[in-house]
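Work through these exercises with the structure open. Try each task before reading its solution.

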Amino acid sequence: MTEARLFDLNIEKILESWESAHAVRELIANAIDEQQLSGTADIQVMKADDGDWVIRDFGRGLRYEHFTQNENMEKLHNTGKVIGKFGVGLKDAMATLHRNNVSVVILSAYGEITLAEVAKRDFDDVITLHAAVQPAPDPAMIGTKVILSDLSDEQMAKAMGFFLRFSDEEVLETTRIGDILRRKPGQSARIYVAGLLVAEEDNFAFSYNITALTEPMRKALNRERTNVGRTAYTDRVRQMLLNASANEIAEELASQLQALQSGSGSDEVRWKDVAIHAVRILSGSGNYLFVTAGQLMTNASSVDHARNDGIEIITIPDIIQQEVGGMTDIRGEPIRDLGLYQAEWNDSFEFDFVEAGALTVAERSIFEKAGAIAELVGGLPGQVNSVRVSNTMRVDFATGSDALGLWDGSTNSIVIHRNQLSSVSDFAGTLLHEIVHAQTGYDDVTRGFEKALTDVLGLTAAAALSTPSRPRSLLGGLFGRA
């Protein structure tokens, strides 16, 4: 048997916190890197009949030179595809497995490599770990095979759990930054870099696999590959979400936005740009109305009306509502807020007009007083072409019931609900109210409208007082006789 050549691994510091699983992780990572770089078949991780674990790739074959610690330019130029870069992980893995009494044999067309504790050359008193290199049993072998003896199934399962490809994760969307993954129920969200787990997050809505690395991320992938700080990957996660367009992602973020109202909600929706983007995706994918918690209370009738129309209500924070107001969704259509919904509804409404001849005798007698009522305040404004009666009216979203009347500027007509013809006072009050709208153009509950309405009340009272009538006590008329 040929005597083995000894290659000093020169490991000065052992990673005491590493278990065998961390070492196996590095061996699997090397196999995956070789698969990616060589474009060869998928790696295999399997248990042999004799109980040994085998890691096999079908690449170019491992050489003893790969134990030299040095920057691998091929890996540096493919940072989104591969995991390793310095050659440190392989040496750390060998030392850790040796410390944990796991036997390692590496086979390739270039040799058979095992481990041995041997004195350093010319220093018999210093014993270090060496790679013992012997000729290859099969010089025609394709790829590399790593055989691990006395490795527990538990440690192998833990090692495989570090990798996206073995973790049964569901990809929701792939972006130019990486993959957005469904978070598994009951588990923390996972952050992968090029398919390798580097961190876990308790308050993320999704898991992520980052494939487009930044320089800070490359620096953060330390020797241990664990406890990578959030600052290293936050920007990549944010950019991934801002590049997403999948409806399922938007729906989950919208759910988290609503949870934010009660103090919960995932960390992603606390990033304003992500929350806005989620609203834009969601708006472009379905029939939604975006309102704030305050609007749910103050505009309950509008919201109920929208819900009855089959529109799904999404509650968002005030600060997000302010940002998306007037904004378009990913289709280029306006995002529907409360104001837009009310305008849409009113634009789609059709009146059921009643001609004078179809009114009852009592109704017609009241309706014919329209001119006399208008004369009390100087007559109908010039822009009013007609006063009409309708069986149906647009909803007054402030009250939730049908409006009593309205000024329709598109047809230059005042429209009165038919039920206002039940009494002269009802009809007169509504007609005068709408005359003010027609004359001023002001909306209800504005300072300008309130002043104009007060002026009309004064004119009406003056006209009434100037008409001869039987004197009566004002107090008696308002409150009854003493």
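**Exercise 1.** In this predicted model, determine the handedness of the crossing of H10 and H12, then describe how the two helices pack.

*Solution.*
- Step 1. Find the helices: H10 covers residues 300-308 and H12 covers residues 338-348.
- Step 2. Take the geometry. Their axes come within 11 Å and cross at roughly 60 degrees.
- Step 3. Classify the angle. Roughly parallel would need an angle under 35 degrees, and roughly perpendicular starts at 65. H10 is therefore oblique to H12.
- Step 4. Assign the hand: the crossing of H10 and H12 is left-handed.
- Step 5. List the contacts. H10 supplies Ser302, His305 and Ala306, and these meet Leu338, Tyr341, Gln342 and Trp345 of H12.
- Step 6. Sort the contact residues of H10 and H12 by class: four are nonpolar, three polar and none charged.

**Exercise 2.** Repeat the analysis for H15 and H16.

*Solution.*
- Step 1. H15 spans residues 424-440, and H16 spans residues 447-465.
- Step 2. Their axes lie 10 Å apart, at an angle of about 125 degrees.
- Step 3. Roughly antiparallel needs an angle over 145 degrees, and roughly perpendicular ends at 115. H15 and H16 are therefore oblique to each other.
- Step 4. The crossing of H15 with H16 is right-handed.
- Step 5. On the H15 side, Leu432, His433, Val436, His437 and Thr440 make the contact. On the H16 side are Phe449, Ala452, Leu453, Val456 and Thr460.
- Step 6. The contact of H15 with H16 counts six nonpolar residues, four polar and no charged ones.

**Exercise 3.** Compare the span of H6 with the expected value, and list its buried residues.

*Solution.*
- Step 1. H6 runs over residues 230-242, which is 13 residues.
- Step 2. From first C-alpha to last, H6 reaches 18 Å, close to the 18 Å expected at 1.5 Å a residue.
- Step 3. The buried residues in H6 are Ala232, Tyr233, Thr234, Arg236, Val237, Met240 and Leu241.

**Exercise 4.** Place Asp168 in its loop and Ala194 in its loop. Is Asp168 buried or exposed? Is Ala194 buried or exposed?

*Solution.*
- Step 1. Asp168 sits in the loop between helix H4 (153-160) and strand E8 (171-174). Its phi is near 55 degrees, a positive value in a residue other than glycine.
- Step 2. Asp168 has 67% relative accessibility, so it counts as exposed.
- Step 3. Ala194 lies in the loop between strand E10 (189-193) and strand E11 (196-201). Phi of Ala194 is also positive, near 50 degrees.
- Step 4. The relative accessible area of Ala194 is 13%, so Ala194 is buried.

Notes
Residues are numbered from 1 along each chain as its sequence is written. This is a predicted model: local features need pLDDT of at least 70, side-chain atom pairs count only at pLDDT 80 or more; totals for chains, interfaces and linings use all residues. Side-chain values use heavy atoms; hydrogens and water are left out. Axes are lines fitted to C-alpha atoms, for helices over the stretch in contact, and angles run from 0 to 180 degrees between N-to-C directions. Helices (H or I, at least four residues) and strands (E, at least two) are DSSP runs, numbered from the N terminus. A crossing is left-handed if the near helix is turned anticlockwise from the far one by less than a right angle, and right-handed if clockwise. Contact means heavy atoms within 4.5 Å. Ala, Val, Leu, Ile, Met, Phe, Trp, Tyr, Cys and Pro count as nonpolar, Asp, Glu, Lys and Arg as charged, and the others, Gly among them, as polar. The expected span of a helix is 1.5 Å times one less than its number of residues. Buried means under 20% relative accessible area, exposed over 50%, partly exposed in between (1.4 Å probe, protein chains only).
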